[in-house]
Amino acid sequence: MTASWQSSNPSVATISATGLVTAMALGSTVIMASDQAAVGTLVLTVVPRTVTSLLVVGPTAVPTGQTSELTASASTTGGKQVVTSGVTWQSSNPGVATVSDAGILTAIAPGTVTVTAAYQGVTGSLTITVADVTVSAITLYGTTSVTRGGTTQLMATAVLGDGSMRIVTNFAAWASLNTDIATVSSSGLVTTLSTAGTVTVTATYLGTTGSVDITVN
């Protein structure tokens with residue numbers, strides 16, 4: 001006959017009808033196999049995965065005044081995983097860039113900084129260059145004619161000093177010059193109110209401002 005399997009603590013580990021164990025959480029459980037009158041047991045302990053290396057993932061160049069999210073990817077005895085908690089972050093030069101407990105890097109001043117992540121006794125690092133970026137122009141795109149009570153999403157692009165372009169919609173400082181007609185969110189979403197007219201919306205990035213007129217019908 002086929003043995004009957006059972007785990008005394010399924011929250012720690014489960015076992016299938018064919019004897020396949022699945023570890024669920026740290027701890028211990030007793031695995032029991034029975035076949036007619038014969039019974040056998042085994043104490044099974046679920047232990048943490050051993051971290052063998054830690055990789056810090058993120059940009060290697062960040063403009064001053066900008067933020068960027070860093071992540072830590074751990075190679076373990078059970079494979080690879082992105083670590084979302086329990087990581088300790090450190091910046092080698094907080095005057096150049098700081099890093100929060102959640103891995104958010106804030107570029108402060110030009111220079112080079114090494115960000116180190118530590119997890120279960122294993123560390124990984126990433127060297128990041130913070131540089132001043134000059135912006136020659138900001139251009140705003142989107143629907144410029146909106147009915148009262150409607151919305152429109154604007155996008156901001158910056159022309160940098162080297163001639164390249166960058167989308168800066170989520171990094172620009174947005175403003176409406178007439179909040180009685182329309183407001184604008186920090187991500188460029190314009191919400192029109194009940195008053196018809198024309199409103200100028202601006203986006204400022206690294207000291208340069210672009211604008212667009214929105215007609216509210």
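What is the volume of the largest pocket? Hi everyone, let me start there. The model we have up is a predicted one, and in this model the largest pocket comes to about 190 Å³. Its lining is made up of 13 residues, and those closest to the pocket's centre are Leu26, Val47, Pro48, Arg49 and Gln81. If you sort the lining by type, you get 9 nonpolar residues, 3 polar and 1 charged.

Now, on to the sheets. Let's take the one with strands 8, 13 and 12. These 3 strands make an open sheet, in the order 8-13-12, with antiparallel pairing. Strand 8, residues 67-69, and strand 12, residues 97-99, are at the edges; each has a single partner strand, so one side of each has no neighbour in the sheet. From one strand to the next, the twist averages 20 degrees. If you'd like to follow one pairing on the screen, look at strand 8 and strand 13, the latter being residues 104-107: they run antiparallel and are joined by 3 bridges. Ser68, for instance, has Leu105 in strand 13 as its bridge partner.

Next, please find the sheet with strands 7, 15, 14 and 11. Here 4 strands form an open sheet in the order 7-15-14-11, and the pairing is mixed. Strand 7, at 61-63, and strand 11, at 88-91, are the edge strands, each pairing on one side only. In this sheet the twist averages 30 degrees from one strand to the next.

Which sense do strand 7 and strand 15 pair in? They pair in the parallel sense, over 3 bridges, with strand 15 covering residues 122-131. There you can spot Ala61 opposite Thr129 of strand 15. Thanks for listening!

Methods: Residues numbered from 1 in each chain as written. Predicted model: local features only at pLDDT ≥ 70, side-chain atom pairs only at ≥ 80, totals over all residues. Heavy atoms only, no water. Pairing = 2+ DSSP bridges. Helix = DSSP H or I, 4+ residues; strand = E, 2+ residues; numbered from the N terminus. Axes fitted to C-alpha atoms, helices over the stretch in contact; angles between N-to-C directions. 1 Å grid on protein atoms, 1.4 Å probe; cavity = no way out; pocket = protein on both sides within 12 Å on 5 of 7 lines; lining within 4 Å. Points joined across faces, edges and corners; volume = space filled by probe spheres on them. Nonpolar A, V, L, I, M, F, W, Y, C, P; charged D, E, K, R; others polar.
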